[in-house]
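Please walk me through this protein step by step, at a pace that suits someone in the first year of study. I would like to see how its parts are arranged and which side chains meet one another.

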Amino acid sequence: MYDGYDTYCDGSLVTPPLCGQSGSGHLLARLAEVSVRSGTDYTEVIKYVYDYLGRVVCEHHTRRGQNPFVIKYEHNLDGGLTRMVYPSGLAVEYIYDDDDGDVGKIVELRLDDGNTSRTVLDNLEYGPTGALE
């Protein structure tokens, strides 16, 4: 499945295009890759793919001795994260409050396994500084 920006996001791609390469000026100064080492037997490389607005749309994970996998991200028109989809198909959905002018504040989290959706956090309230109470 292509993410709309010519990036294959089904997990079969081990090496996605690196962000910030020539021809992708909209991605300059974005984190392209993280390497994690713990001991001598474990290495993980995470490569990030961005859309034209600079939002992360895929994380490609490669771990030594394991199959590579992808975590996908979806965003609303305001730029807020609306879904994270894990390789198993499990999705975390972020629900925003837009009824009382608090646009951009998450008020509910749901888990969706493709068959059922259930709320895991709701009635989130924010204080005057914008921090969760």
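A residue is called buried when its relative accessible area is under 20%, exposed when that value is over 50%, and partly exposed in between. By this rule Arg 110, with a relative accessibility of 28%, counts as partly exposed, and the same words will serve for other residues below. Keep in mind throughout that the structure is a predicted model.

We can begin with the overall plan. The protein has zero helices and eight strands, and when it is read along the sequence the pattern is β-β-β-β-β-β-β-β. It consists of 133 residues, of which 31% count as buried. The accessible surface comes to about 8500 Å², and carbon and sulfur atoms account for 50% of that surface. Among the contacts with a separation of 6 or more, 17% are between residues that lie 24 or more positions apart.

Next, consider how some neighbouring strands are paired. Strand β3, which covers residues 56-63, runs antiparallel to β4, and four bridges join the two. One place to look is His 61, whose bridge partner in β4 is Phe 69. These strands form a hairpin with five residues between them, and Gly 65 in the turn has a positive phi of about 80°. Strand β4 in turn pairs with strand β5, residues 81-85, again in the antiparallel sense and over four bridges. Here His 75 stands opposite Leu 81 in β5. The hairpin formed by β4 and β5 also has five residues between its strands, and in this turn Gly 79 has a positive phi of about 95°.

Strand β4 also matters when we turn to the nonpolar residues. The largest nonpolar core has seven residues, namely Phe 69, Ile 71, Tyr 73, Met 84, Val 92, Tyr 94 and Leu 109. Both β4 (69-75) and β6 (91-97) supply at least two residues of this core, and β4 gives the most, with three residues. In a regular strand the side chains alternate between the two faces of the sheet. To see what surrounds one member of the core, take Tyr 94: leaving aside its neighbours within four places in sequence, this residue is in contact with Leu 81, Thr 82, Arg 83, Met 84, Ile 106, Glu 108 and Leu 109.

Charged residues offer another way to follow the structure. Side chains of opposite charge can pair when their charged atoms come close. A search of the whole structure finds six salt bridges. In one of them Arg 63 is joined to Glu 44, with the closest N and O atoms 3.2 Å apart. Because Arg 63 lies in strand β3 and Glu 44 in strand β2 (residues 42-50), this pair ties together parts that are 19 residues apart in sequence. Arg 63 is partly exposed, with a relative accessible area of 25%, whereas Glu 44 is buried, with a relative accessible area of 7%.

Another salt bridge brings together the side chains of Arg 110 and Glu 108, at 2.8 Å from N to O. While Arg 110 is partly exposed, Glu 108 is buried, with a relative accessible area of 16%. Glu 74 and Arg 83 also meet through their side chains in a salt bridge, at 3.5 Å from N to O. Glu 74 counts as partly exposed at 37% relative accessibility, and Arg 83 is partly exposed as well, with a relative accessible area of 22%. These two residues are linked with Glu 93 in a network of salt bridges.

Finally, two aspartates are worth locating. Asp 51 lies in the loop between β2 and β3, and at 1% relative accessibility this residue counts as buried. The side chain of Asp 51 reaches the backbone nitrogen of Leu 53 at 2.9 Å, and a polar contact of 2.8 Å joins that side chain to the side chain of Arg 55. Asp 112, by contrast, has its place in strand β7, residues 105-112, and at 17% relative accessibility Asp 112 counts as buried. A polar atom of the Asp 112 side chain lies 2.7 Å from the backbone nitrogen of Gly 114. Asp 112 and Val 92 are 20 residues apart in sequence, yet their C-alpha atoms are 6.5 Å apart in space. Leaving aside neighbours within four places in sequence, Asp 112 is in contact with several residues, including Arg 83, Leu 90 and Glu 93.

Methods. Residues numbered from 1 in each chain as written. Predicted model: local features only at pLDDT ≥ 70, side-chain atom pairs only at ≥ 80, totals over all residues. Heavy atoms only, no water. Salt bridge = Lys/Arg side-chain N within 4 Å of Asp/Glu carboxyl O. Buried < 20%, exposed > 50% of the residue type's maximum accessible area, 1.4 Å probe, protein only. Contact = heavy atoms within 4.5 Å. Areas by Shrake-Rupley, 256 points an atom, 1.4 Å probe, with all protein chains shown as cover. Core = buried A, V, L, I, M, F, W, Y, C linked by side-chain atoms within 4.5 Å. Pairing = 2+ DSSP bridges. Polar contact = N/O pair within 3.5 Å; in protein donor to acceptor, adjacent residues only side chain to side chain.
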